[in-house]
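Grab your viewer and work through these exercises, each with its solution right below. Try every task on your own before reading on.

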Amino acid sequence: MWTLVGRGWSHGRALAVWAAGTAQRGRLEPLPTPTCGAPAEFRAWDRLYTSAERKEKIDMSRFSVENIRNFSIIAHVDHGKSTLADRLLELTGTIDKTKNNKQVLDKLQVERERGITVKAQTASLFYNWEGKQYLLNLIDTPGHVDFSYEVSRSLSACQGVLLVVDANEGIQAQTVANFFLAFEAQLSVIPVINKIDLKNADPERVEKQIEKVFDIPSDECIKISAKLGTNVERVLQAVIERIPPPKVHRKNPLRALVFDSTFDQYRGVIANVALFDGVVSKGDKIVSAHTKKIHEVNEVGVLNPNEQPAHKLYAGQVGYLIAGMKDVTEAQIGDTLYLHKQQVEPLPGFKSAKPMVFAGMYPIDQSEYNNLKSAIEKLTINDSSVTVHRDSSLALGAGWRLGFLGLLHMEVFNQRLEQEYNASVILTTPTVPYKAVLSSAKLIKEYREKEITIINPAQFPEKSKVTEYLEPVVLGTIITPDEYTGKVMMLCQARRAVQKNMIFIDQNRVMLKYLFPLNEIVVDFYDSLKSLSSGYARDKAHSVGKAICERLKDSLPRQLFEIAIQAAVGSKIIARETVKAYRKNVLAKCYGGDITRKMKLLKRQAEGKKKLRKVGNIEVPRDAFIKVLKTQSDK
């Protein structure tokens, strides 16, 4: 017990202060060992704790619904979404203007290392224009196709979007995909042509592309340079003029949509919410429409871009809410929150994400299983598009089979596990799901359905049990300069693609639409497209099987007997390699003599090896298994 004048220090109080202080700093700090009295560190933490408690809260009631605009920034990869967000934050005084303002909203380490946005981030901007103060809720979204689920969720909290297009690159595939996400959600679209400061920029050409592909008049385009800040203020004014305020009712009972969430070690789940009706404040008892659990609200506020507590959040506003949710199942994205004893009709929520790529994930050491399980559960709160099924492997032990939206999504998830939770894992080669239509009533009764989904290659049923196999297909959009059209079409045809459409979007660019088998494009199609190679032969079972056999042959240690390695499709062997046995020179003692003596010794040795082959065990080293799982050989 530490004792100060007018204040009793207990170990529990000290721990609470330490936890609050370290949480405020955003990193974990060691708890020092006290010597006598109240340690200086505890006194410093106490000042920080009380200053955080006394931090001035924003009065959000001063923003009427008519003065609120909720909007997202959408674009293709590297067209300048995050740079534009930085300039908007500076113009509204949300952050100080410095040279270090780069990717301010990209808070994850993986985002800064890769230079891409992985997680949608929210910021509330306060902007004075024509004598009125506006609340502009901005959501910066990812541009890569693997994170389109983040985009679709973010759009549910908005009434409009800024569609950013590079003045040099023009319209690209994800520009088209993101536009139609906004179009289907019936949002106002403001086209912004960025990077007009580049030497090869051609904004007039891009204007014509936007008019032809999206049917948006060219005079509605805003030409800017987000890097230099040129014309960016016009974007803010266009947001106010062209995007409507949210249609909400503050006098109705509370209805809040959870469109994103993060996990904090000390405070539990921090839910990002968009209020469609009513008001919420600290102390309110709220109910989850999904779990029916009751929680007491500990804190509400807005992101500015860091957390800024508020007295209350009102309908039409976007902010965060902390209500002591500790379990992963208590914070479902797409859930509706309402006040206790004031039940309302739940909001539509979101369509479930459809995993496109599956991979096995196993701890390097089985003693780390529970730690890895906890890390995966916490990370899936932040990334609800990942599906998790328990799995096991004879070679690697207990683990999981995870479903991702694409290869980059899988790589980023793995990198975040390492960086944020210090978890090292073994990740198997990615596969895609297949479906099989069963042939007999007995099998249908066994599986309890006629059509089964296979996500693990080891569970693939034999052909004799199945009437037909079904594979997933995707509609892919490729935008290419016209001089590469022939080579791109050859590549697509080699991947069993079926052409659906071909449009010249201007004099030099062609937009191709193909129906692709997902398995043909999931691993290396993008690399092949970039290099414009002619692709591989259609039937790759033999070459893939042979490559795996060769890698296993190189990885397995030799035994005293011969080991046969075979690749099979069903019962048909399509490739084989042999690991030669160690052989003792049994003829070393025979100096000349009759040949029958030598043959007798060799025959006895062969019989011994034959017997040993029947009873011998082969130990497969873990590193050999990992080498086989690699897509490419190290040679």
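**Exercise 1. Which residues does His 295 touch, not counting residues up to four places away in sequence?**

Step 1: Fix the contact rule, which is heavy atoms within 4.5 Å. Step 2: Apply the rule to His 295, and you get Asp 284, Lys 285, Ile 286, Ala 323, Met 325 and Glu 330. Step 3: Place the residue; His 295 lies in strand β13, residues 294-296. Helices (H or I, at least four residues) and strands (E, at least two) are DSSP runs here, numbered from the N terminus. Step 4: Check accessibility, where buried means under 20% relative accessible area, exposed over 50% and partly exposed in between (1.4 Å probe, protein chains only). His 295 comes out at 7%, so it counts as buried.

A word on the ground rules: this is a predicted model, so local features need pLDDT of at least 70 and side-chain atom pairs count only at pLDDT 80 or more, while totals for chains, interfaces and linings use all residues. Residues are numbered from 1 along each chain as its sequence is written, and side-chain values use heavy atoms, with hydrogens and water left out.

**Exercise 2. Describe how α3 and α8 pack.**

Step 1: Know what to report: two packed helices are described by the angle between their axes and the distance between the axes. Axes are lines fitted to C-alpha atoms, for helices over the stretch in contact, and angles run from 0 to 180 degrees between N-to-C directions. Step 2: For α3 (residues 81-91) and α8 (residues 232-242), the angle is about 80° and the axes are 10 Å apart. Step 3: Classify the angle: under 35 degrees is roughly parallel, over 145 roughly antiparallel, 65 to 115 roughly perpendicular and the rest oblique. So α3 and α8 are roughly perpendicular to each other. Step 4: List the contact residues: α3 brings Leu 84, Arg 87, Leu 88 and Leu 91, and α8 brings Val 232, Glu 233, Val 235 and Leu 236. Step 5: Sort them by class, with Ala, Val, Leu, Ile, Met, Phe, Trp, Tyr, Cys and Pro as nonpolar, Asp, Glu, Lys and Arg as charged, and the others, Gly among them, as polar. The contact of α3 with α8 has six nonpolar, two charged and no polar residues.

**Exercise 3. Work out the strand order of the six-stranded open sheet, then find the helices packed on it.**

Step 1: Two strands pair if DSSP finds at least two bridges between them. Step 2: The order reads β4-β5-β3-β6-β7-β8, and the pairing is mixed. Step 3: At the edges sit β4 and β8 (222-223), each pairing on one side only. Step 4: Zoom in on one end: β7 (residues 188-194) pairs with β8 in the parallel sense over two bridges, and Val 192 stands opposite Ile 222 in β8. Step 5: Add the helices. α3 packs on the sheet and touches β3, β4, β5 (132-140) and β6 (160-166), its direction making about 150° with that of β3. α6 (residues 173-184) also packs on the sheet, touching β3, β6 and β7, and its direction makes about 150° with that of β3.

**Exercise 4. Do the same for the open sheet of three strands.**

Step 1: The order is β26-β28-β27, with antiparallel pairing. Step 2: β26 (473-481) and β27 (498-504) are the edge strands. Step 3: Neighbouring strands of this sheet are turned by 20° against each other on average, direction ignored. Step 4: β27 and β28 (residues 509-517) share six bridges in the antiparallel sense, and Asn 501 has Lys 513 in β28 as its bridge partner. Step 5: α12 (residues 485-494) lies across β26, β27 and β28, running at about 5° to β28. The buried residues of α12 are Thr 485, Val 488, Met 489, Leu 491, Cys 492 and Ala 494. Arg 496, with a positive phi near 60°, follows α12.

**Exercise 5. How are the rings of Phe 63 and Phe 126 arranged?**

Step 1: Rings of Phe, Tyr and Trp (its six-membered ring) pair if their centres lie within 6.5 Å; planes under 30 degrees apart are stacked, over 60 edge-to-face and the rest tilted. Step 2: This rule gives 10 aromatic pairs. Step 3: Phe 63 and Phe 126 form a stacked pair, 5.3 Å centre to centre with 15° between the planes. Step 4: Phe 63 sits in the loop between α2 (40-53) and β3 (68-75), and Phe 126 in β4 (residues 121-129), 63 residues apart. Step 5: Both Phe 63 and Phe 126 are buried.
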